[in-house]
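User: I've got a two-chain model open and I'd like to learn how to read it feature by feature. Can you walk me through it?

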Amino acid sequence: MSTVTEVSVRARNDVRVSGTPGARPMVFAHGYGCDQAMWRYVAPGFEADHQVVTFDHVGFGNSDLSAHDPQRHGSLRGYAADVVDVLTELDLTDVVFVGHSVSAMIGVLAHAMAPERIGAMVMVGPSARYVDDDEDGYVGGFTRAQLRELLESLDANHLAWSTLIAPEVMGNPDRPELAAELTASFCRTDPDVARRFARISFLSDNRADLAGVDVPTLVLQCSEDVIAPVTAGRYVHEHVAGSTFVQLAATGHCPHLSAPEETSAAIRAWL
Amino acid sequence: MTDSRETAAPPVAREHRLDDGVREALDQLLDDDPADLYENAPCGYLSMLADGTIVKVNRTLCSWLGMPAERVLRTRLRDLLSLGGQVFHDAHLTPLLRMQGAAREVALDVVRADGSLLPCLVNAVEVRDAHERPLIVRATLFEASARRRYELDLLAAQRAAEASEVRSRTLQRFVSDLAAAVATEDAAQVVVHRSRQAVRATGAALWLVAVDAARPDVTEPAAVLTASEKVPAALLEALDQTSPGRVDLVLSSGVRTVPVTERLGEAWPALAAAAAEARVTDLVVVPVTADGAHLGALLLTLGDELDGDLISLAEPTAHRSLATADVDLLCTLGRQAGQALERARLHEETARQAERSGFLLDAARMLARATGVTESVERLAEMVVPRLADLCVLDLIGEHGLARVVARHGDPARQRFVDALRAWAPPHRDLPAPARTALAEGRTRWFTTIDEAQLAAMARGAEEVAAARALELVSLVAVPLIAEGRTLGVMTLAVDRRRRPFTSADVELAEQLGLQVALMMAKAQRYELEARTSHTLQATLLPPPPPPVPGVTVAVRYLAATSGVEIGGDFYDVAPLPGGHVAIAVGDVVGHDITAAATMGQLRSVYRALLVEAPAPAAVIDRLQASWPLLGLQRMATALFATLDLPSGVLHVASAGHPPPLLVAEGRAGFLPVVPSRMLGAPPAPAVEWRGVVPPGATLVLFTDGLVESRTSDIDAGLERLRAAADRAAANGPDELCDRLLADLAGTHRADDIALLALTRDP
């Protein structure tokens, strides 16, 4: 980790810094399914009074795919270590870490690794465990069978990606517009990385890590979120001491896209 | 993907010769086209508000769904999707539409009214107002059943290819890791670790058969747990007690999967209980073979499938069956493991052989240096533990019968258990069974394992059983110590469970060691006998302290050489003669062994016999020379004979090849110029007698050459050193003079004996 140079960390995670230099930093971390473009309707609103940082997890968006290490990125801890690298490289402290979906837990892990860097956390649609736990009655929203089916069906889309688009680009060097289209499109992910990321996102159990969160935390819970149901958000709220729970009217799993005003307002009000 | 071009160039524009009737019908159809095309298009259409509510849907989609339009309207697209579809819709499709206004070829499964799934590919566009706010989302759905099947086949083929690649990588890594492992333990660790990874087993353990081809008759071969990973101790113990510990299972061929079921519980209740406790659903046994020989068994436990620290998706109690390819892989791993383990064993055996040779050499060197039996065996025990064994006991037959001379444990913490066994050892009690039998029958007793029954048979009481159990002894060998046809004792070696049991090579080493010890003991016993004999002889042969003689004060000293027997061929003699005379003699028989001592004894006796006639010193030499052949004395000798007339101090001295006497008078020392004749035993020649006077208060010093000889200088230098020492001595009386001369001249390492006699004439 320490051998990574400034240039390579910035390039590795396609780190983008905007807003007010010297102001309190806000770091936005995208969740499963897309890349940092997801924050385009929310992050700019904080630029006036914050230093705004967005980035892509390795394997997503414009990140350096060659930096993907199956060992390191075989668990959420590796992604959290990447986050710590970014914070260290930019030398950020008292960061407001805004994590969507699985990145909320990546933030929890990053905070445990570098507690001096993160001063507040906003969790958008968090879940500490997606699989129900029959032993202690925890409701994550998915049975094992449902999650098996989910991962299978996600695979179908990852396969479509790799079999339809990649060969077209690879096999047509004389048609640069195909590659250009691919580069210009959002939410591009390496299908293999996306598949693995889906696995570690949905199969991790970070409930025990919640107790380590000792900074002000805001839990933003969407309505009718099939990925992170209210029970999961409530659980996070109840297990992060002193956290604030806000129920959004926004439906689905991406309130920062479907209801950016409401999402921004909730964050701003809490800050 | 050519539809757009088709609509841009209407086919009717071309010149076709068509029937008027057909043209009319076609025109009618094309007039109705927009509505008809929407409702009955060969794909599903729907339109949604920004919040996802469906506000328009075509007939095609309704019929695919098996639902009337009224039911579809005012639901949301995500509500029509399977769970996976919902997640992908929320996490991917919606963000894409918001960000780039369109999404292409998203694979989603729609749930029909009857619950069946309809695989679809969805294309969607987001229509926005002038302020880029979303107004409506239009989506087309294409049925993709055949394509999805094809994709799934493709996916399955890709997975199979990946799995096959993973297996081949696993095998490669397995082989290369094994190649790097030199020791059996390392190889075993690789086998356990890699095979566990290969089939994602929850745990793995390897038992190896402790076969000793050289001594198959001694005990049955046992399977020894050599390595394990993530198998709970209770399960390992249960396995040890049941199948894998037994040879029959090891010898079974092929990979076998044993489900943890009630049936297993009937046969092996403890095993089934331990497996259930460890949440193991199946046990897989893989034979480990090399060139057809069964070396052991690899056991894998299947259960809640582990995937790093991720949650397992398998139902906790579901039995897992291994894929055929995995079974084949395990077979190959078993064979590879066998070959590597065999190689490691050979390598270790070679190394061990070299170590044994070194050990025997060290032992031989140590025993060669040693002088006493007790010291030797104690130092031997220090070598044996921990190099060869954990426990070393030596019971030796001595003068007073059998005694436990050494009982040493390599682990200081366990020495107290060994000490506790002292009470049960000779001479208090008889030996334990293995040592007793070895001693009685004169043959080695070897136990590769010690089970409870054997322990009970070996031990002589509950306390002994308890101590032996505390020592955790697993293997034992008792070697009789036999040399020159005599049994001298028994050496018992044992190892505890932290070390592997004794092999035949270990036993051979112990036997060779036993032979060395026995030879050393025999040699030491002979030496001791010789020493005792020579002590007795010396006590007999050495002259008694000189009797008090009026008119003179006499002091004598006898120092044996520091190596060899403690007696030599030197002697002194002081005998008062009738008529106020005293006869003095000092002699030195060549050599300092038993023969020299015996010759000296004879010489002194003959001399004493001659004294009856009070011959002059020269006559003593002449007579001894004359009778030498008759006496049959085997060694030559030098001697100095003198008579002193006590009242006058007149001294007669004659020398047979002996250093001259020293006279110390008035603080000055000087040698008397006695001319030596030939040595006793050499061809005779007439002896020359010297005559002089010893003044009152003067001291006459007679000595043997041990006092003046040295390895570094000649005898003249030695004589001068003696004279100078006597000059300096300024002693008060002959006793003090003797002490001072010896202190000055006799070193701590003497190659020869010294006899010294000092006689002071009373002033």
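User: Let's start with helix 15 of chain B: which strands does helix 15 lie across?

Analyst: Keep in mind that this is a predicted model. Helix 15 (residues 433–441) of chain B lies across strand 11 (391–398), strand 13, strand 14 and strand 15 of chain B. Its direction is at about 25° to strand 14 of chain B.

User: What order do the strands of that open sheet in chain B take?

Analyst: The general idea goes like this: strands of a sheet pair through backbone hydrogen bonds, either parallel or antiparallel. Here, 5 strands make an open sheet in chain B, ordered 12-11-15-14-13, and the pairing is antiparallel.

User: Why is one side of strand 12 and of strand 13 of chain B left without a neighbour in the sheet?

Analyst: Strand 12 (401–409) and strand 13 (445–447) of chain B stand at the edges, and each has a single partner strand, so one side of each has no neighbour in the sheet. As for the twist, neighbouring strands of this sheet are turned by 15° against each other on average, direction ignored.

User: How many bridges join strand 15 of chain B to strand 14 of chain B, and how many does strand 15 share with strand 11 of chain B?

Analyst: Strand 14 (residues 473–483) and strand 15 (residues 486–496) of chain B run antiparallel and are joined by 10 bridges. With strand 11 of chain B, strand 15 of chain B pairs over 6 bridges, also in the antiparallel sense. You can trace the register residue by residue. B:Val479 has B:Met491 as its bridge partner, and B:Ile482 has B:Thr487. Towards strand 11, B:Leu396 stands opposite B:Gly489 of strand 15 of chain B.

User: And what links strand 14 to strand 15 of chain B?

Analyst: They form a hairpin with 2 residues between them. Check B:Glu484 in the turn: its phi is positive, about 50°.

User: Is strand 15 of chain B mostly covered or mostly open?

Analyst: Mostly covered, with 8 of its 11 residues buried.

User: Now a single residue. Why does B:His658 count as buried?

Analyst: You count the C-beta atoms around the residue, and 20 or more others within 10 Å makes it buried. B:His658 has 27 such neighbours inside 10 Å, so B:His658 counts as buried. B:His658 is in the loop between strand 20 (650–656) and strand 21 (662–665) of chain B.

User: Which residues is B:His658 in contact with, leaving aside its neighbours within four places in sequence?

Analyst: B:Thr638, B:Ala639, B:Leu640 and B:Pro676. Take B:Thr638: it is 20 residues from B:His658 along the chain, yet their C-alpha atoms are separated by 5.0 Å.

User: Let's zoom out to nonpolar cores. How many residues does the largest one have?

Analyst: As a rule, in soluble globular proteins nonpolar side chains tend to be buried together. In this model the largest nonpolar core has 102 residues, and A:Val98, A:Ile106, A:Val122 and A:Met123 have the most contacts inside it. Outside its own stretch of four places either way, A:Val122 is in contact with A:Val96, A:Val98, A:Leu218, A:Leu220 and A:Ile267. Another core lies apart from that one, with 60 residues, including B:Leu737 and B:Ala755.

User: At what angle do helix 2 and helix 3 of chain A cross?

Analyst: For a helix pair, look at the approach of the axes, the angle and the handedness. The axes of helix 2 (residues 76–89) and helix 3 (residues 102–113) of chain A come within 8 Å and cross at roughly 65°, and the crossing is right-handed. Helix 2 of chain A brings residues including A:Ala80 and A:Val84, while helix 3 of chain A brings A:Ile106 and A:Leu109, among others. By class, that contact has 11 nonpolar, no polar and 1 charged residues.

User: Last one: how many residues does each chain put into the contact between chain A and chain B?

Analyst: Chain A gives 41 residues and chain B gives 31. On the chain A side, helix 4 (144–171), helix 6 (191–203) and helix 8 (255–258) each supply at least two residues. The largest share, 16 residues, comes from helix 4 of chain A. Sorted by class, the side of chain A that touches chain B has 20 nonpolar, 13 polar and 8 charged residues.

How values were computed: Residues are numbered from 1 along each chain as its sequence is written. Chains are lettered from A and ligands numbered from 1 in the order in which they are written. This is a predicted model: local features need pLDDT of at least 70, side-chain atom pairs count only at pLDDT 80 or more; totals for chains, interfaces and linings use all residues. Two strands pair if DSSP finds at least two bridges between them. Helices (H or I, at least four residues) and strands (E, at least two) are DSSP runs, numbered from the N terminus. Axes are lines fitted to C-alpha atoms, for helices over the stretch in contact, and angles run from 0 to 180 degrees between N-to-C directions. Two residues are in contact if their C-beta atoms, placed from the backbone, lie within 7 Å. Ala, Val, Leu, Ile, Met, Phe, Trp, Tyr, Cys and Pro count as nonpolar, Asp, Glu, Lys and Arg as charged, and the others, Gly among them, as polar. A residue is buried if 20 or more other C-beta atoms lie within 10 Å of its own, exposed if 12 or fewer, and partly exposed in between; C-beta atoms are placed from the backbone. A nonpolar core is a set of buried Ala, Val, Leu, Ile, Met, Phe, Trp, Tyr and Cys residues joined through C-beta atoms within 7 Å. A crossing is left-handed if the near helix is turned anticlockwise from the far one by less than a right angle, and right-handed if clockwise.
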